[in-house]
Amino acid sequence: MTNLVRSNFQAHPFHLVSPSPWPIFTCISLLALTTSGVLTMHGFSFAQDFLYMALLLVIFTMSFWFRDVISEATYLGNHTLAVQRGINMGIALFIISEALFFLAIFWTFFHSALSPAAEMGAQWPPKGIDSVNPFELPLLNTVILLSSGFTVTYAHHSLIQGNRSGALYGIVLTVMLALIFTGLQGLEYTVSSFTLSDSTYGSCFYFGTGFHGLNYVAPYIIICLFLKTKKIYNIES
Amino acid sequence: MLLRRSILALGRRTAVKPIVPVAPRVFTTSAARRAGEQGDPKPGEPDKKMMAFEDIRTEEDLLPPGAEPGTVPTDLDQSTGLERFEILGKMQGIDVFDMKPLDASRKGTLEDPIIVNSAGDEQFAGCTGYPVDSHVVLWLNMRRDRPVERCAECGSVYRMEYIGPPDDPHAHHGHGEEHGEEHGDGAHSYEEPKTFADFVRPEYRGTPQPHYRQS
């Protein structure tokens with residue numbers, strides 16, 4: 001290849017991103033989400049309506065931003081190996097921060113449960129809390145959760161091996177298990193006798209399971225986004 | 001839709017299944033049939049997925065063939081643009097971005113400087129001395145109109161080789177032309193600050209380099 005032809009293409013592998021409105025849009029919508037969330041939790045009138053609007057705004061900006069990233073990656077070919085290394089690093093850091101976040105959640109639980117304070121009756125669950133029997137619905141949900149881990153790993157390895165139907169079946173099964181898990185978790189919320197504000201037990205329970213549920217719903221949304229991308233690709237078979 | 005399609009395919013397969021057992025195909029013919037179905041190139045034939053690196057001219061040549069329907073696409077099937085450029089280069093053992101560090105097997109001298117290739121008008125190079133990493137990184141700035149630079153710490157000499165597109169003789173070059181001075185693209189009319197390379201005595205300079213500015 002001559003130097004003249006080489007100069008038709010970018011000399012370095014890095015992706016110098018073009019000006020984009022989505023960072024500032026994301027900032028604004030996240031600020032709206034936090035503010036309306038705080039107002040909602042403090043019982044301000046109509047704050048909940050603003051919370052839902054802000055949530056929609058966050059989802060919109062995320063979708064538009066992801067759309068741009070998908071275009072840059074698949075159609076413009078901006079994601080060279082150096083760029084992919086950066087993205088891998090970003091995902092790894094995200095997973096580490098998630099893991100540490102859940103470490104904090106477990107820490108609150110163990111802090112309160114392992115040596116219950118006198119204010120809670122020096123017992124765990126605290127006095128007056130009718131706790132969930134872990135061998136009933138939670139056990140079933142654990143089984144479903146681990147099964148979904150199996151199906152998504154099956155989909156992953158099918159994808160690596162070039163087995164398209166295996167990958168699709170694995171993903172569809174995972175989404176179904178995710179929906180069942182989230183439904184059962186919602187059922188558990190409705191039948192449990194305590195609320196978020198019932199002692200540290202209720203706080204720990206809903207904090208942990210709620211954020212775990214959020215982590216379960218987010219991949220579901222991402223998978224839906226991937227299926228939508230597949231549609232953009234116009235792959236019919 | 002996925003399930004329905006599979007059931008249909010299953011039904012079709014069952015429907016056309018011959019009741020009379022056919023003679024089993026010998027291995028060689030089945031291999032030939034498979035080769036025909038898959039469309040793999042024969043030895044010596046060009047692969048439609050593989051554009052030879054030398055044949056790439058423009059962005060158009062970096063459009064992918066796309067995967068066969070019903071398969072899991074690979075990067076070679078559907079990557080485009082710079083990503084494809086890099087992959088096609090890698091498949092022929094070419095590092096298209098030239099990411100390797102500069103030649104540090106010797107200390108550059110004015111007679112035999114370390115060559116720094118650059119596609120632009122200006123290039124920074126980080127010197128760590130000889131042997132490698134014998135001092136902290138010192139960044140040297142080379143330009144097309146002053147390509148030689150010498151490290152103030154270890155004295156190693158670098159020279160920028162311009163490998164970008166050739167200049168258009170009809171294009172205007174910066175503001176320097178108005179003042180009757182010779183400058184590269186984006187050049188200015190004020191005098192460049194002198195560098196260490198400018199203060200080497202003539203008797204130590206050896207043969208003058210072609211783009212080297214005599215002070």
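Let me start just after helix α4 of chain B, where G93(B) follows the helix with a positive phi, near 75°; a helix here is a DSSP run of H or I with at least four residues, a strand is a run of E with at least two, and both are numbered from the N terminus. Please keep in mind that this is a predicted model, in which local features need pLDDT of at least 70, side-chain atom pairs count only at pLDDT 80 or more, and totals for chains, interfaces and linings use all residues. Residues are numbered from 1 along each chain as its sequence is written, chains are lettered from A and ligands numbered from 1 in the order in which they are written, and side-chain values use heavy atoms, with hydrogens and water left out.

Staying with α4(B), which covers residues 81-91, 9 of its 11 residues are buried, so this helix is largely enclosed by the rest of the structure. Buried means under 20% relative accessible area, exposed means over 50%, and partly exposed is in between, with a 1.4 Å probe and protein chains only. Among the buried residues of α4(B) are L82(B), F85(B), I87(B) and L88(B), and the charged-looking names you may spot, E83(B), R84(B) and E86(B), are on that list too. What do these buried residues pack against? They pack against α1 (3-6), α3 (47-75) and α4 (81-114) of chain A, together with α3 (75-78) of chain B.

Turning to chain A, its secondary structure comes to 7 helices and 0 strands, and buried residues make up 25% of its 237 residues.

Within that chain, helix α5 (residues 137-161) and helix α6 (residues 164-191) pack at an angle of about 160°, with their axes 8 Å apart. That makes α5(A) roughly antiparallel to α6(A), because angles over 145 degrees count as roughly antiparallel, under 35 as roughly parallel, 65 to 115 as roughly perpendicular and the rest as oblique. By class, the contact of α5(A) with α6(A) has 17 nonpolar, 9 polar and 1 charged residues, where Ala, Val, Leu, Ile, Met, Phe, Trp, Tyr, Cys and Pro count as nonpolar, Asp, Glu, Lys and Arg as charged, and the others, Gly among them, as polar.

One residue to find on α6 of chain A is T174(A), which is buried, with a relative accessible area of 9%. Leaving aside its neighbours within four places in sequence, T174(A) is in contact, meaning heavy atoms within 4.5 Å, with S148(A), T151(A) and V152(A).

Definitions and conventions. Axes are lines fitted to C-alpha atoms, for helices over the stretch in contact, and angles run from 0 to 180 degrees between N-to-C directions.
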